[in-house]
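Here is a walk through one protein chain, with its charged pairs as the guide. Keep the sequence and the 3D view open as you read.

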Amino acid sequence: MAQQASATLGSQSGPTTSLSQPPPRQSPTAGAGPGRGQVLTTKVGLQMPTGMAYDEWERSGRQLAGLIDSSSWWLGDWLVYGKDHYTDRYQRGIRAIGLSYQTLRNYAWVSRRFDFSRRRSALSFQHHAELTSMPIEEQDLWLDRAEQQQWTTKQLRGALRAARQSVQQPHTPTEPSHRLEVPGNRLQSWHKAAEQLGVDFEQWVTATLDSAAASALEDLGRPQERGEISGCDGITGVAALGVGVSQENARPANVEQAVPVATGT
């Protein structure tokens with residue numbers, strides 16, 4: 001995880017770090033800054049060699065990114081050690097280095113949640129940070145997945161979000177629903193009836209049909225007179241229950257609308 005670097009002394013800009021690079025292809029020009037194949041990091045910037053090849057430039061970028069990622073672990077471990085060994089003085093050490101306490105505390109929290117032996121060098125510090133709230137077994141499971149699938153931090157976060165949503169919304173069997181085509185004038189009349197009773201329209205429709213079904217089932221096996229519900233079509237039968245359907249609107253309309261009717265089949 002840690003990148004190899006050799007520390008050297010700078011003149012005015014503070015300590016510098018020389019990122020390891022392949023041997024230079026030719027002798028550097030005297031007085032032209034860092035030699036070819038050598039990138040120097042200073043406190044105030046990065047000194048790039050002249051004529052640097054693309055592969056060397058890309059490799060330097062990967063090393064810089066690795067140093068940044070590793071520094072999160074380093075600072076986290078540093079704070080954990082200080083808190084464990086210098087309880088009464090580690091706050092002074094935090095102030096001395098001049099970094100945000102909240103930032104350091106976040107680093108320390110991740111470092112404490114992952115023992116050194118459980119950290120994955122192929123994954124970033126942020127990969128681990130996404131899993132801090134989980135039990136150890138789940139942490140290792142997700143680290144395995146992220147490492148095997150080569151997930152970015154964003155991809156890991158998306159997979160975690162999808163897994164949480166799946167747990168929060170378990171798949172439960174639902175009753176199938178069907179649509180019943182109803183003439184528009186009848187639908188308007190039903191809406192008026194529900195409004196007069198002060199109930200929700202769909203609840204009114206369901207309750208009315210349930211009542212009609214219960215009445216029809218009770219009458220099974222008994223002789224039925226002409227004109228009773230069983231002798232009418234399903235829609236007119238609802239009107240015969242006295243649920244406020246206007247008979248003058250009973251003729252078909254040109255516009256039909258669909259009413260969702262939930263069934264238990």
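Start with a cluster of charges: Arg120, Asp144 and Glu147 are linked in a network of salt bridges. The model is a predicted one. A search through the whole structure turns up 8 salt bridges. Several of them are worth visiting in turn.

First, the overall setting. The protein chain has 265 residues, and buried residues make up 28% of them. Its secondary structure comes to 9 helices and 6 strands. Consider the contacts in the chain with a separation of 6 or more: 54% of these join residues 24 or more positions apart. The chain exposes about 18100 Å². Carbon and sulfur atoms supply 52% of that area.

Now go to Arg118. It sits in the loop between helix 3 and helix 4. Is Arg118 buried or exposed? Its relative accessibility is 14%, and the cut-off for buried is under 20%, so Arg118 counts as buried. What does this side chain meet? Arg118 forms a salt bridge with Asp140, at 3.0 Å from N to O. That pair links distant parts of the chain. Asp140 belongs to helix 5, residues 136–149, and the two partners are 22 residues apart. Asp140 has 23% relative accessibility, so it counts as partly exposed. The bridge therefore joins a buried arginine to a partly exposed aspartate.

Arg118 has further neighbours. A polar atom of its side chain lies 3.1 Å from the backbone oxygen of Arg113. Leaving aside residues up to four places away in sequence, Arg118 touches Arg113, His128, Ile136, Gln139, Asp140 and Leu143. Arg113 and Asp140 thus appear in that contact list, Arg113 with its backbone oxygen and Asp140 with its salt bridge.

Next, move to Asp84 and Arg112. Their side chains meet in a salt bridge, 3.4 Å from N to O. Asp84 lies in helix 1, residues 54–85, while Arg112 lies in helix 3, residues 101–113, so the pair ties together parts that are 28 residues apart in sequence. How accessible is Asp84? The value is 46%, which makes Asp84 partly exposed. Arg112 is also partly exposed, with a relative accessible area of 42%.

Another bridge pairs Arg89 with Asp88. The closest N and O atoms are 3.9 Å apart. The salt-bridge cut-off is within 4 Å, so this pair qualifies. Arg89 has 43% relative accessibility and counts as partly exposed. Asp88, at 67%, counts as exposed. The cut-off for exposed is over 50%, so the two residues fall into separate classes.

Finally, leave the charges and look at a nonpolar part of the surface. Which residues form a nonpolar patch there? They are Leu46, Met48, Tyr54 and Trp57. Together they have about 430 Å² of accessible area. Leu46 is found in strand 4, residues 45–47. At 39% relative accessible area, Leu46 is partly exposed. A patch member needs over 30%, so Leu46 meets that cut-off.

To retrace the route, begin at the network of Arg120, Asp144 and Glu147. Then find the Arg118 and Asp140 bridge, followed by Asp84 with Arg112 and Arg89 with Asp88. End at the patch that includes Leu46 and Trp57.

Note on methods:
Residues numbered from 1 in each chain as written. Predicted model: local features only at pLDDT ≥ 70, side-chain atom pairs only at ≥ 80, totals over all residues. Heavy atoms only, no water. Helix = DSSP H or I, 4+ residues; strand = E, 2+ residues; numbered from the N terminus. Buried < 20%, exposed > 50% of the residue type's maximum accessible area, 1.4 Å probe, protein only. Polar contact = N/O pair within 3.5 Å; in protein donor to acceptor, adjacent residues only side chain to side chain. Contact = heavy atoms within 4.5 Å. Patch = residues over 30% accessible without salt bridge, like charges linked within 9 Å, V, L, I, M, F, W, Y side chains within 5 Å. Areas by Shrake-Rupley, 256 points an atom, 1.4 Å probe, with all protein chains shown as cover.
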